[in-house]
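Student: Hey, I've just opened this one and could use a guided look. Can we go through it together?

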Amino acid sequence: MKQLTIMMLGLFLLVACGQSYEETKRQTRQQRREAMRKDSAALKVAVMPTLDCLPLYVAEHYQLFDTLRGGVRLKFYMAQMDCDTALERGRVEGSITDLVRAKRMEQRGLKMRYPISTNTYWQLVANRNARVHQLKQIDDKMVAMTRFSATDLLTDRMIDSAKLDKDRVFKVQINDVNLRLLMLQNNEMDVMWLTEPQATAARTLKNNVVYDTRKEDVQLGVMAFREKEMQRQARSKQLELFVNAYNQACDSINKNGVRYYRPLIVERCRMKKHLVDSLPDHLKFEHARGPREKDVLLAEKWVGKKADVKKDTPEAKSKKTKAKRGKRRK
C-alpha cells in the first residue's frame, strides 16, 4: 500500500510538471510574440559610442521618448558600417551616420530622409611616437579610417591639401571606433580619424592633432531615416515626436553642459570617468535641422567620383566585356 501511494504521488508530480512545462512553453511563445510586436511598432534607431548620440541617450534616460506611439529602441553598435548595414537591411528605421555613407546607400537604391544634422567633427590624430606634426609628414604612414565614409573623403582632402602621393598614404580600414583608439594607444597605427569622445581620450595621451574639420567648415554628420518607412503616417508621426524629444534633450545639454551627463557618457561611450572632465566645455547641440546644401553637394560629388573611378577599373571593364560576349552568343 505504501509503494502504491508513492507511485501515485510520483505520477501526480509528473503530470503536474508536464502541465507546468507546457504552460511555460505557451507563455514563452506569447512573450516572444508580444516582444516582436512591440519591437515592430517601435521606432528603432542605430547608435554608436560617440558624443553625437548624446541627445538620444539623454532623451532615453529622461523618458522623453515615452510620448512616441510604440516608443523608441536605441540599437547599439560599435562601428558605423554596422549601423548602416542595419539600416539597409531594415533592422532599424534610422541611424547615426554621415552624408558620404548615406549618399552611397542612396546610390545603391535606399532613399533617405535627413531631419537632423549633428555636431560631429573629426580630428586627424597622429601617434606621438610617429613624429607627425604637419599634413605633409603623413607620407608613407598608415591612416585608420572607414571606406566610403566621411573619413575616407577627409583623407582624400588631406592628401590633396598636402600635395602628397596618394599611393604613399596607406588607408587602413578600422571600423570599430574604440578599437581604433586602442590601436593608437598600443602604437599599432600612425594616424587616425577620431570624433568625440575618442578624440579627447587621444589628446589626453599627448598625441598630436594635425587636422580638424571645424577649421575647414565641413559638417558631414547626420541622422538618416528610411524614406519609405517615414512616408507611412504612423512612422511620420513617430519621427515628428522623435525630433521634438531630440530638441528637448539638446536644450538640456546646452543648459547643464556635457560634463553634467558624466554617468551617461561613461556608460554609453565607454569612457573613463576622469576623461569626461577633459571633454571640450564649449560643445553645443543645435535643434534638429537638415544638412547644409554645400555639405550634401560635397558628399555627392565625392561619391559620384568614386563610382566613376570604379567603373574604369580593369575588373569592371573585364566584366563589361564578358557581358557583351554573353549577349552576342545569345
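Student: Let's start somewhere specific: which helix does Arg157 lie in?

Tutor: Arg157 is part of helix H5, residues 150-162. Helices (H or I, at least four residues) and strands (E, at least two) are DSSP runs, numbered from the N terminus. Before we go on: this is a predicted model, where local features need pLDDT of at least 70 and side-chain atom pairs count only at pLDDT 80 or more, while totals for chains, interfaces and linings use all residues. Residues are numbered from 1 along each chain as its sequence is written, and side-chain values use heavy atoms, with hydrogens and water left out.

Student: Got it. Is Arg157 buried or exposed, or something in between?

Tutor: Arg157 counts as partly exposed because its relative accessible area is 28%. Buried means under 20% relative accessible area, exposed over 50%, and partly exposed in between (1.4 Å probe, protein chains only).

Student: And what is Arg157 in contact with, ignoring neighbours within four places in sequence?

Tutor: Tyr211, Glu216, Val218 and Leu298. Contact here means heavy atoms within 4.5 Å.

Student: Zooming out, how many helices and strands are in the chain?

Tutor: The chain has 14 helices and 10 strands. It runs to 330 residues, and 46% of them count as buried. Also, take the contacts between residues at least 6 apart in sequence: 78% of those join residues at least 24 apart.

Student: New topic: how many salt bridges does the structure hold?

Tutor: 24. A salt bridge is a side-chain nitrogen of Lys or Arg within 4 Å of a carboxyl oxygen of Asp or Glu. One of them pairs Asp84 with Arg101, with the closest N and O atoms 2.6 Å apart.

Student: Where do Asp84 and Arg101 sit in the chain?

Tutor: That pair links distant parts of the chain: Asp84 is in helix H3 (residues 80-88) and Arg101 is in helix H4 (residues 99-107), 17 residues apart. Both Asp84 and Arg101 are buried.

Student: What about Lys103, which residue does Lys103 form a salt bridge with?

Tutor: With Glu106, at 3.2 Å between the closest N and O atoms. Lys103 and Glu106 are 3 residues apart in helix H4, so about one helical turn separates them. Lys103 counts as buried because its relative accessibility is 12%.

Student: Got another one for me?

Tutor: Sure: Glu286 and Arg289 meet in a salt bridge at 2.7 Å, N to O. Glu286 is partly exposed at 48% relative accessibility, and Arg289 is partly exposed at 26%. Elsewhere, salt bridges that share partners join Lys44, Glu93, Glu229, Arg232 and Arg235 into one network.

Student: Now the sheets. In what order do the 5 strands of the open sheet come?

Tutor: E2-E1-E3-E10-E4, with mixed pairing. Two strands pair if DSSP finds at least two bridges between them. The edge strands are E2 (72-76) and E4 (112-117), and each pairs on one side only. Neighbouring strands are turned by 30 degrees against each other on average, direction ignored.

Student: How do E4 and E10 run?

Tutor: Antiparallel, with 4 bridges joining E4 to E10 (residues 221-226). Ile116 has Met223 in E10 as its bridge partner.

Student: Which strands does helix H2 touch when it packs on the sheet?

Tutor: Helix H2 (residues 54-61) touches E1 (43-47), E2 and E10, and its direction makes about 135 degrees with that of E2. H4 packs on the sheet too, touching E3 (94-98), E4 and E10, at about 115 degrees to the direction of E3. For those angles, axes are lines fitted to C-alpha atoms, for helices over the stretch in contact, and angles run from 0 to 180 degrees between N-to-C directions.

Student: What's on the two faces of strand E8?

Tutor: In E8 (residues 191-194), Val191 and Trp193 are on one side, Met192 and Leu194 are on the other, and all are buried. In a regular strand the side chains alternate between the two faces of the sheet. E8 pairs with E5 (residues 123-126) in the antiparallel sense over 4 bridges, and with E6 (residues 141-145) in the parallel sense over 2 bridges. In the E6 pairing, Ala144 stands opposite Met192.
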